[in-house]
Amino acid sequence: ATPTALMVGTGRGAQLGILIKGPEVLESTRRVDTVVLDKTGTVTTGTMSLHNVVTDGSTDENTVLRYAGALEDASEHPIARAVARAARDRLGTLPEVEQFANIEGLGVQGVIDGHAVVIGRPTLLRDWSLHLPAALREVVDAAEAKGRTAVGIGWECEARGVLVVADSVKPTSREAVSQFRRLGLTPIMLTGDNESAARAIAAQVGIDEVIAEVLPQDKLDVVKRLQAEGKVVAMVGDGVNDAAALTQADLGLAMGTGTDVAIEASDLTLVRGDLRAAADAIRLSRRTLSTIK
Ligand code: ADP
Ligand code: MG
C-alpha cells in the first residue's frame with residue numbers, strides 16, 4: 001500500500017465519521033474475519049433506566065431504593081447512573097456512604113446508616129452469603145429473559161431486594177450486524193452481563209454467538225483465545241472494562257460516545273457511536289488497499 005492511497009483512505013474515513021489513528025491501521029483491517037462486540041454502550045444505547053424495584057417483604061421499596069441510590073451515586077457504571085438518578089428523582093437527597101468500594105465487574109459496596117450494604121450481580125450477593133429468596137430469584141430470571149439486567153441489594157445477612165434496569169438496542173445495530181455478515185465477518189457478543197440478558201439482546205440484532213458473564217480482566221483473554229484459534233479479531237467497545245481487549249485485538253474500534261480510556265486503547269474511533277461505521281471502516285480499508293494493488 002502506498003502512503004498516498006492510505007492517506008486518501010484516512011480522509012474518506014473522516015467523512016464517514018471514523019477517526020483513524022494512523023494510515024497503517026487500514027492495513028491490519030484487511031484480514032479481519034471476526035468482530036467481537038461489547039453489549040452495553042456498543043450494541044445498546046448504554047443509557048439505562050430503572051424498570052422496577054422488588055423487595056423481599058421485610059424492607060420497604062423506598063428504603064431499598066434509598067440505599068441503592070446512595071451507593072450507586074458514587075459509581076460511574078451505566079447501571080449505577082440509572083439507579084442513582086431514579087432514587088434522587090423519587091426521594092430527593094440520599095444518605096451518606098462511608099467506605100465506598102467498587103468491585104470491578106461485579107458491583108459496589110459501602111456503609112450506610114451503620115449497615116454494610118452490597119449491590120451487584122446476584123452471584124456477588126451469594127459470595128457475601130446473602131441468599132435471594134425464591135420470589136426474588138424469579139424476578140431476576142424473568143427480567144433476564146427479557147434482556148434486562150437485575151442487580152441484587154442486601155445488608156445484615158439478608159438479600160433485601162432486586163432492582164431491574166434496562167437500556168435498548170440502538171436502532172442501527174441490527175443493520176450493522178447484517179453488514180458484518182455480508183462482509184464475511186462472524187459477529188460475537190462479549191459482555192460482563194448475565195447470559196440470558198445477553199442472549200436476548202443478541203437475538204434482537206441477529207448475533208448467534210454470545211460470551212457472557214466475563215469479568216473485565218478476562219475480556220482480554222477471550223480475544224487472545226480467539227486469536228490462538230487463528231482468528232483475526234476486530235473488537236468494538238466503549239468501556240474502561242473493554243480497554244485491554246481493544247488493545248489486544250488486531251483492530252480496536254471505540255465508540256466515540258464511550259470512555260476516553262477505550263478511545264485511547266483503540267485504532268479507530270466511531271465518532272457517532274453508530275455500529276454501522278465499523279462495517280464502513282472495514283469496507284473502506286478493503287477498497288483502499290485493493291485500489292493500490
Ligand atoms: P458490560 O460488559 O456489559 O459493560 P460490566 O463488566 O461493567 O458489564 O458489569 C458486569 C455486571 O456486573 C453487570 O451486569 C452488573 O450485574 C454488575 N455490576 C457492575 N458494576 C455494577 C454497579 N455499579 N452496580 C450494580 N451492578 C454492577
Ligand atoms: Mg460497554
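Here are legends for three close-up views of this predicted model.

Residues are numbered from 1 along each chain as its sequence is written, while chains are lettered from A and ligands numbered from 1 in the order in which they are written. Because the model is predicted, local features need pLDDT of at least 70 and side-chain atom pairs count only at pLDDT 80 or more, though totals for chains, interfaces and linings use all residues.

**View 1. One protein chain, two domains.** Domain 1 is made of two stretches, 3-45 + 169-290, and domain 2 covers 49-166. These bounds come from an automatic or database domain assignment. Taken over C-alpha atoms, the centres of the two domains sit 31 Å apart.

**View 2. Where domain 1 touches domain 2.** Here 13 residues of domain 1 meet nine residues of domain 2 (in contact means C-beta atoms, placed from the backbone, within 7 Å). On the domain 1 side, helix H3 (39-43) and helix H9 (195-205) each chip in at least two residues, and H9 gives the most, with five. (Helices, H or I with at least four residues, and strands, E with at least two, are DSSP runs numbered from the N terminus.)

**View 3. The shell around ligand 1.** Of the 23 residues around ligand 1, the nearest are Thr 40, His 77, Gly 105, Arg 121 and Gly 192 (near means a C-beta atom, placed from the backbone, within 6 Å). Both domains join in, with at least three residues from each. H3, helix H5 (78-91) and strands S5 (107-112), S6 (115-120) and S7 (149-155) each supply at least two residues of this shell.

Note on methods: Two residues are in contact if their C-beta atoms, placed from the backbone, lie within 7 Å.
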